[in-house]
Amino acid sequence: MRQDQSGFAEFYRASHQRCLRAVIAGTGRADLAEDLVAEAYTRALLSWRTVRRHPAPEAWVVRTALNTGVSWWRRRRREVPLDDHDAPAPGGEPGGRPEPSTGLAGDPGLLAALRALPRRQREVIALRLFLDLDMAATAAVLGIAPGTVGAHLSRAVAALRAALPLDTDPVPAGQEVTR
């Protein structure tokens, strides 16, 4: 049991920030993503013997976190809203929690653009770009065809490019791009 726990601790240290960034991208909310990732890692620890043999344990954590988020959302939409419940608290975020230091949370334009994407496109962005999974692994995690992953990724990238225009031309005038 002790060896299982140390293996999990190493996995947690090596993967936590990447998984958190992926879930922030998938949900569009840093505060919710922190809670979802914590829950997913708790479930991973409880099922560590199975999870450690998974072909992509980080993807397992992200998928579990995103599934937990869907369940959270379903429960929340049935709740009766209270006045001023979601009003920003003095900390800036609803609930007053500060943004985690992931780099992604520091760019409000990027977070807003990610929030505007459909859920499946956010999930594909999270798995392909933040966890660097290939098309086949992303398709397997999401339960869709690899071609569908490509279509969602293409649409998401196009939407993000439109929402986040470049401020400067990356190639100065008169210079060619060489590859």
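Being three residues apart in helix α6, Glu123 and Arg120 are separated by about one helical turn, and in this predicted model the two residues form a salt bridge whose closest N and O atoms lie 3.1 Å apart. Glu123 is buried, with a relative accessible area of 1%, whereas Arg120, at 22% relative accessibility, counts as partly exposed. Glu123 also forms a salt bridge with Arg63, the closest N and O atoms in this case being 3.2 Å apart. This second pair links distant parts of the chain, since Arg63 belongs to helix α4 and Glu123 to helix α6 (residues 119-130), with their positions 60 residues apart in sequence. Arg63 is itself buried, its relative accessible area being 13%. Together with Arg119, the residues Arg63, Arg120 and Glu123 are linked in a network of salt bridges.

In total, the structure holds six salt bridges. One of them joins Glu58 to Arg18, with the closest N and O atoms 2.7 Å apart. Because Glu58 lies in helix α4 (residues 57-77) and Arg18 in helix α1 (residues 2-27), this pair ties together parts that are 40 residues apart in sequence. Glu58 is buried, with a relative accessible area of 18%, while Arg18 counts as partly exposed at 29%. Such pairing accords with the general principle that side chains of opposite charge can pair when their charged atoms come close. A further relation between α1 and Glu58 is seen at Ala14, which lies in helix α1 and, at 60% relative accessibility, counts as exposed. The C-alpha atoms of Ala14 and Glu58 are 9.7 Å apart in space, although the two residues are 44 residues apart in sequence.

These interactions are set within a chain that has eight helices and zero strands, so that, by the assignment of helices and strands used here, the order of elements from the N terminus is α-α-α-α-α-α-α-α. Of the 179 residues of the protein chain, 37% count as buried. Among the contacts in the chain with a separation of 6 or more, 64% are accounted for by residues 24 or more positions apart.

The largest nonpolar core comprises 41 residues, of which Val23, Val62 and Leu127 touch the most other members. The elements that give two or more residues to this core are α1, α2, α3 (48-51), α4, α5 (108-116), α6, α7 (135-142) and α8 (146-163). The surroundings of Val23 can be described in further detail: when its neighbours within four places in sequence are left aside, Val23 is in contact with Gly28, Ala33, Leu36, Val37, Val62, Ala65 and Leu66. Val62, which appears in this list of contacts, is also one of the three residues that touch the most other members of the core.

Helix α6, which contains both Glu123 and Arg120, also packs against the helix α8. The axes of α6 and α8 come within 9 Å and cross at roughly 95°; because angles of 65 to 115 degrees count as roughly perpendicular, the two helices are therefore roughly perpendicular to each other. On the α6 side, the contact is made by Arg120, Gln121, Val124, Ile125, Arg128 and Leu129, and on the α8 side by Val149, His152, Leu153, Arg155, Ala156, Val157 and Leu160. Arg120 thus takes part in the contact with α8 as well as in the salt bridge with Glu123.

Met135, placed in helix α7, counts as partly exposed at 30% relative accessibility. Leaving aside its neighbours within four places in sequence, Met135 is in contact with Arg128, Pro146, Val149 and Gly150. For Met135 and Gly150, which are 15 residues apart along the chain, the C-alpha atoms are separated by 7.2 Å. Arg128 and Val149, both in contact with Met135, are also among the residues that make the contact between α6 and α8.

As to confidence, the protein chain averages a pLDDT of 79, and 70% of the residues score at least 70. In the protein chain, confidence is highest in helix α2 (residues 30-46), at a mean of 93, and lowest in α4, at 83. Over residues 91-101, pLDDT stays under 50, and for this stretch the model has 22 contacts beyond four places in sequence.

Notes:
Residues are numbered from 1 along each chain as its sequence is written. This is a predicted model: local features need pLDDT of at least 70, side-chain atom pairs count only at pLDDT 80 or more; totals for chains, interfaces and linings use all residues. Side-chain values use heavy atoms; hydrogens and water are left out. A salt bridge is a side-chain nitrogen of Lys or Arg within 4 Å of a carboxyl oxygen of Asp or Glu. Helices (H or I, at least four residues) and strands (E, at least two) are DSSP runs, numbered from the N terminus. Buried means under 20% relative accessible area, exposed over 50%, partly exposed in between (1.4 Å probe, protein chains only). pLDDT is the predictor's confidence in each residue, from 0 to 100. Contact means heavy atoms within 4.5 Å. A nonpolar core is a set of buried Ala, Val, Leu, Ile, Met, Phe, Trp, Tyr and Cys residues joined through side-chain atoms within 4.5 Å. Axes are lines fitted to C-alpha atoms, for helices over the stretch in contact, and angles run from 0 to 180 degrees between N-to-C directions. Angles under 35 degrees count as roughly parallel, over 145 as roughly antiparallel, 65 to 115 as roughly perpendicular and the rest as oblique.
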